Amino acid sequence: LATKLSTLDISDLVFVDEATGSDDAGCGNKDKPFKSAASAVGHIASQPEAAQESLKIVIKKAGDEKYSYITPSALKKAKNAYELALKKAKKQAEREARDKEEREAKLVEEQRKLEESKKVVLTQDPSLPKPKTIQIRDAKENRNVRVKVNGWVSRLRVQGKDMMFIVLRDGTGYLQCVLNNRLCHTYDALTLTLESSVSIVGEIKELPEGKTAPDGHELVVDFWEVIGKAPGGDEAVSNLFDKDSDPSVLLNQRHLVIRGDRASSVLKVRSRVMRAFRDHFEGVGYAEVTPPCMVQTQVEGGSTLFSFNYYGEEAYLTQSSQLYLETCLPSMGAVYTMNESFRAENSNTRRHLSEYTHCEAEIPFISFDQLLDGIEFMVKDVVNRVWAEPETRAMIEKLNPEFKPMNEPFIRMRYADAITWLNEHGVKRAEDGQDFEFGDDIPEAPERHMTDTIGKPILLTHFPVPIKAFYMPPTKDDLRVTESVDLLMPNVGEIVGGSMRIWDYDTLMAAYKREGLDPKPYYWYLDQRKYGSCPHGGFGLGVERFLAWLTNSYTVRECCLYPRFKDRCQP
């Protein structure tokens with residue numbers, strides 16, 4: 001065979017290599033063989049009829065080293081496969097042509113309907129009562145009354161040519177609206193898109209048993225109009241993202257994401273929680289103050305300061321309002337603030353933000369035990385306040401079905417006991433695989449493991465002096481540890497950090513020296529120890545972490561309007 005092949009003109013041969021050939025990229029020569037004999041038959045059939053007789057197929061099967069002529073049976077099989085492929089291709093072409101024709105006809109018909117729809121003009125029936133403008137939250141009290149509701153199209157369903165269902169959202173609730181007959185034939189009806197803003201008029205009717213809609217009723221529409229139409233096609237909101245989109249996409253589209261059920265519910269719960277904190281502090285007699293966010297002092301260490309040029313002087317965005325709150329104690333008594341704090345942390349964890357809402361309080365003339373009692377009471381009281389609001393409770397139960405208000409006392413555990421717990425449960429240090437030792441700063445993961453395993457809120461107290469802030473005083477019975485506390489919540493971790501404050505002038509000066517801090521910028525803070533000092537303490541709570549715990553949110557980034565963290569300062 002090799003001898004015969006050598007005597008033939010290689011241009012008369014069509015090569016097939018079942019191991020390395022390609023039906024897509026091959027052309028039938030020795031350098032670019034086909035992969036299947038059927039493709040070789042198709043190649044021959046595409047040549048001029050006079051040239052087809054001289055073309056022969058040679059094939060090299062997988063594992064063979066040389067080409068051989070195709071056998072008659074293999075050639076017959078290849079011809080059958082080629083003919084079958086031709087028939088399939090013909091049917092596919094016919095189908096595609098038919099589909100194209102149907103699409104074009106459908107497009108023409110749709111265009112005709114759109115043109116016809118422009119002739120349909122809706123007007124309000126003057127014989128009907130003047131509509132009462134309401135918000136959706138008031139719909140139940142206005143059943144069987146002609147009303148006008150403004151909002152955005154949250155969901156849209158077309159049922160045949162004479163019925164449409166719009167689920168309207170106005171920020172206070174959801175309302176199903178049903179449109180019939182001529183109301184569905186307008187140009188706006190045929191081109192309506194999600195997130196368009198509309199104004200709808202009609203009568204709210206209770207649904208019969210067996211049918212469902214938000215709040216058990218629907219608006220039977222007699223007039224409606226589009227206020228602002230949202231884009232469709234590629235720009236339609238449903239094409240920009242969905243619940244499974246990459247987190248970066250959801251963050252880029254955060255301004256639209258917050259229109260969704262879960263995101264808007266979390267933000268509404270946040271609003272109620274902020275109010276509940278203020279109501280709590282009002283109830284216990286604390287005054288609200290608003291300290292500055294531009295400062296020239298540090299509270300939590302220089303590595304997390306955002307610095308900027310303040311009229312030629314170096315200044316920072318505040319890490320905490322604590323020091324300023326302390327200055328208010330002699331004039332206002334116990335005080336609190338709901339202010340933004342900023343941490344330039346090089347962290348991309350689900351529990352860190354560079355800007356967060358900081359609920360902080362300072363209280364004069366208290367003991368450490370009273371501070372712990374106050375933190376526990378505050379958390380329980382705020383939860384009970386939001387839980388007592390039916391609308392807020394319903395949102396929390398939907399977001400976090402397992403959540404229940406806390407009745408049992410919080411566990412109180414010393415830092416030293418936490419070290420013992422970790423070692424007894426086989427939790428090792430990540431850096432060297434060894435047991436934890438007294439003085440170690442317990443990282444987030446082991447701390448979360450302990451908290452989640454215990455499954456209850458923990459007031460973790462008495463941290464070592466070197467791992468806590470300069471203003472935290474050592475205990476009288478053990479100078480190695482401070483009168484400090486972190487409140488740890490299951491599934492979230494730390495949500496509150498607090499301590500008593502050093503109130504003796506000399507002790508505070510020694511702390512500045514120990515930490516290498518220049519006391520001059522803190523002159524006003526030191527003066528609190530000169531002009532009538534007293535025992536006092538306070539705490540700071542991260543509102544986003546509190547919300548993550550309350551709403552079972554995976555990350556604190558879901559619990560603020562527009563999260564700020566490393567590499568994210570938009571939108």
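Asp99 is partly exposed, with a relative accessible area of 30%, where buried means under 20% relative accessible area, exposed means over 50%, and partly exposed lies in between, with a 1.4 Å probe and protein chains only. The structure you see is a predicted model, in which local features need pLDDT of at least 70, side-chain atom pairs count only at pLDDT 80 or more, and totals for chains, interfaces and linings use all residues. Residues are numbered from 1 along each chain as its sequence is written, and side-chain values use heavy atoms, with hydrogens and water left out.

Asp99 belongs to helix α4, which covers residues 72-117; helices here are DSSP runs of H or I with at least four residues, strands are runs of E with at least two, and both are numbered from the N terminus. Which residues gather with Asp99 in a patch of negative charge on the surface? They are Glu96, Glu101, Glu102 and Glu104. Such a patch is made of residues with over 30% relative accessible area and no salt bridge, like charges being joined within 9 Å and nonpolar side chains (Val, Leu, Ile, Met, Phe, Trp, Tyr) within 5 Å. A salt bridge, in turn, is a side-chain nitrogen of Lys or Arg within 4 Å of a carboxyl oxygen of Asp or Glu.

Helix α4 comes up again when we turn to helix α2, residues 37-45, whose buried residues are Ala37, Ala38, Ala40, Val41, Gly42 and Ile44. Among the elements covering them are β1 (13-17), α3 (49-52), β2 (56-60) and α4, where contact means heavy atoms within 4.5 Å.

In helix α10, residues 322-332, the buried residues are Gln322, Leu323, Tyr324, Leu325, Glu326, Cys328 and Leu329. Their cover includes three strands that I would point out, β11 (294-295), β14 (335-342) and β15 (355-364), together with α16 (523-530) and β20 (536-542). After α10 comes Gly333, which has a positive phi near 75°.

Now to positive phi values outside glycine. Asn144, in the loop between β4 (132-133) and β5 (146-158), has a phi near 65°, and Asn144 is exposed, with a relative accessible area of 52%. Asp567, which lies in the segment after α17, has a positive phi of about 70° although it is not a glycine, and at 69% relative accessibility Asp567 is likewise counted as exposed.

Finally, where is the cis peptide bond? This bond runs from Gln570 to Pro571, with omega near -10°, and Pro571 is found in the segment after α17 (543-551).

Definitions and conventions. Areas by Shrake-Rupley, 256 points an atom, 1.4 Å probe, with all protein chains shown as cover. Lys, Arg positive; Asp, Glu negative; His and termini not counted. Charge placed at Lys NZ, Arg CZ, Asp CG, Glu CD.
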